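Got the viewer open? Let's take a walk through this structure, one selection after another.

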Amino acid sequence: MTPAQLTERSCIRRHACTLLFFLQVVALSMSAQSEFDSGCPVPFGDLKSMGRPVDRCLTEGEGSNESQLAQNRAKNNLCLTTQPVAVTQFSFARLQAAVEQKDIPFGNARRLPQDRAALRSVYKTSNGDQIGEGTLVAYVGYVLDAHYSDVSSGESVNCKMLGKINNDIHVTLALTPNASPCQGIVAEIIPHFRPLAWEDIVAMPHNRPVRIVGQLLFDASHAPCRLGKPASPPRMSIWEIHPIYSIGICTGTTPAQCQGNNPQAWVPLEKLHQSSRKALDSEYR
């Protein structure tokens with residue numbers, strides 16, 4: 001006799017059987033949802049890492065309200081498959097202006113948009129592309145800084161877990177290598193399935209242009225730099241590339257040599273082996 005048959009025989013009263021069945025369904029449901037599930041093949045394929053503690057944190061992370069949970073789900077969207085739209089520093093300035101004109105709330109974790117659909121297609125680029133949250137974009141610029149963020153405090157999207165392994169890599173990008181952070185934008189490499197080779201971006205030299213592909217996201221928990229008003233972290237726009245889908249390092253050193261639409265100009269970060277990095281590093285010095 002199977003355990004299920006024994007369970008059924010032990011249920012003398014109908015309502016007791018119903019309750020037991022309900023509890024079993026709930027337990028199975030919780031078990032099925034106990035791991036992070038991107039809901040699609042991840043854009044970096046076999047490069048993905050496995051077994052991080054943060055992968056016990058679901059796509060919505062932890063949050064005190066639906067607005068925060070919705071923003072967390074957006075931050076973990078790895079499922080875009082369209083061709084990336086080329087964006088520039090100007091695009092991020094216009095995106096910021098567009099949401100401010102729409103009076104969409106932002107500024108801290110207690111002022112988040114209730115309707116994220118309003119963040120889609122908020123700006124048309126000079127090439128005629130409608131962009132907004134959920135658009136796959138490609139940006140070419142210089143890395144001003146790259147570091148692990150929230151390692152000692154944790155973050156809602158990562159279930160407040162601590163440590164480098166469980167938190168985002170925060171990347172500040174700008175049009176020129178000598179720009180101030182307030183002239184830059186932010187991109188984030190999320191910890192879920194993060195390729196280990198991408199963690200090189202924290203320590204490697206940052207004198208070559210990079211090509212970042214990822215999702216446009218409106219991180220309403222923050223505020224942009226404003227005269228006399230602090231921003232943490234500083235940036236010109238709170239529109240981010242988040243999460244990052246791919247990272248290319250330019251084989252040249254100048255913007256003219258690093259056109260975003262020239263595939264020959266870019267080496268994927270994960271293919272920039274140690275010997276290649278040493279050769280490139282020697283050119284920086």
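## First stop: the largest pocket

Select strand 4, which gives the most to the lining of the largest pocket, with 5 residues. Before you zoom in, keep in mind that this is a predicted model. Now bring up the pocket itself: its volume is about 510 Å³. Strand 1, helix 4 and strand 4 are the elements that give two or more residues to its lining. In total, 25 residues line this pocket, and if you want to find its centre, pick Ala86, Val87, Thr88, Ala138 and Val140, which lie nearest to it. Colour the lining by class and you get 14 nonpolar, 10 polar and 1 charged residues.

## Next: the second largest pocket

Move on to the second largest pocket, with a volume of about 390 Å³. It is lined by 24 residues, and those closest to its centre are Lys75, Asp150, Glu155, Ser221 and His222. Try the class colours here too: this lining divides into 4 nonpolar, 12 polar and 8 charged residues. Which element gives the most to this lining? Select residues 66–75 and you have it: helix 3, with 4 residues.

## Stay on helix 3

Is helix 3 largely enclosed or not? Count the buried residues: 8 of its 10 are buried, so the rest of the structure largely encloses this helix. To see them, select Ser67, Gln68, Leu69, Ala70, Gln71, Asn72, Ala74 and Lys75. Then switch on strand 7 and strand 8, which are among the things that cover these buried residues. At the start of the helix, look at Asn65: one of its side-chain oxygens reaches to within 3.1 Å of the backbone nitrogen of Ser67.

## Along strand 8 to His242

Go to strand 8 and pick out His242. Its relative accessibility is 1%, so His242 counts as buried. What does His242 touch, once you skip residues up to four places away in sequence? The answer is Ala74, Lys75, Asp168, Glu188, Ile190, Gln215 and Leu217; Ala74 and Lys75 also belong to the buried residues of helix 3 you just selected.

Now draw a distance from the C-alpha of His242 to that of His170: the two are 9.7 Å apart in space, with their positions 72 residues apart in sequence. Also show the side chain of Glu240, which makes a polar contact of 2.9 Å with the side chain of His242.

## Follow Glu240 to Arg235

Glu240 has another partner to show you. A polar contact of 3.3 Å joins its side chain to that of Arg235. You'll find Arg235 in the loop between strand 7 and strand 8. Is Arg235 buried or exposed? With 1% relative accessibility, Arg235 counts as buried. Show what surrounds it: leaving out neighbours within four places in sequence, Arg235 is in contact with His170, Pro181, Cys182, Gly184, Val186, His222, Ala223, Pro224, Cys225 and Glu240. You've met His222 already, as one of the residues closest to the centre of the second largest pocket.

## Into the nonpolar core

In soluble globular proteins, nonpolar side chains tend to be buried together. Here, the largest nonpolar core has 51 residues, and Leu173, Ile201, Phe218, Trp239, Ile241 and Ile247 have the most contacts inside it. At least two residues each come from several elements, including strand 1 (85–87), helix 4 (89–101), strand 5 (169–174) and strand 8 (239–250). Strand 4 gives the most, with 7 residues.

Click on Leu173 next. Apart from neighbours within four places in sequence, its contacts are Gln89, Tyr139, Tyr142, Val143, Gly184, Ile185, Ala187, Val210 and Ile212.

## Last residue: His206

Finally, select His206, in the loop between strand 6 and strand 7. This residue has 17% relative accessibility, so it counts as buried, the cut-off being under 20%. The side chain of His206 reaches two backbone oxygens: that of Ile201 at 2.8 Å and that of Met204 at 3.1 Å. With residues up to four places away left out, His206 touches Tyr142, Val143, Ala146 and Ile201.

## Zoom out

Show the whole chain again: you're looking at 5 helices and 9 strands. Of its 285 residues, 45% count as buried.

Conventions:
Residues are numbered from 1 along each chain as its sequence is written. This is a predicted model: local features need pLDDT of at least 70, side-chain atom pairs count only at pLDDT 80 or more; totals for chains, interfaces and linings use all residues. Side-chain values use heavy atoms; hydrogens and water are left out. A nonpolar core is a set of buried Ala, Val, Leu, Ile, Met, Phe, Trp, Tyr and Cys residues joined through side-chain atoms within 4.5 Å. Buried means under 20% relative accessible area, exposed over 50%, partly exposed in between (1.4 Å probe, protein chains only). Contact means heavy atoms within 4.5 Å. A polar contact is a pair of N or O atoms within 3.5 Å; within protein, one must be able to donate a hydrogen and the other to accept it, and residues adjacent in sequence count only if both atoms are side-chain atoms. On a 1 Å grid over the protein atoms alone, a cavity is a set of points where a 1.4 Å probe fits but cannot get out, and a pocket is an open set with protein on both sides within 12 Å along at least five of seven lines; lining residues have an atom within 4 Å of a point. Grid points are joined across faces, edges and corners, and a volume is the space filled by probe spheres set on the points. Ala, Val, Leu, Ile, Met, Phe, Trp, Tyr, Cys and Pro count as nonpolar, Asp, Glu, Lys and Arg as charged, and the others, Gly among them, as polar.
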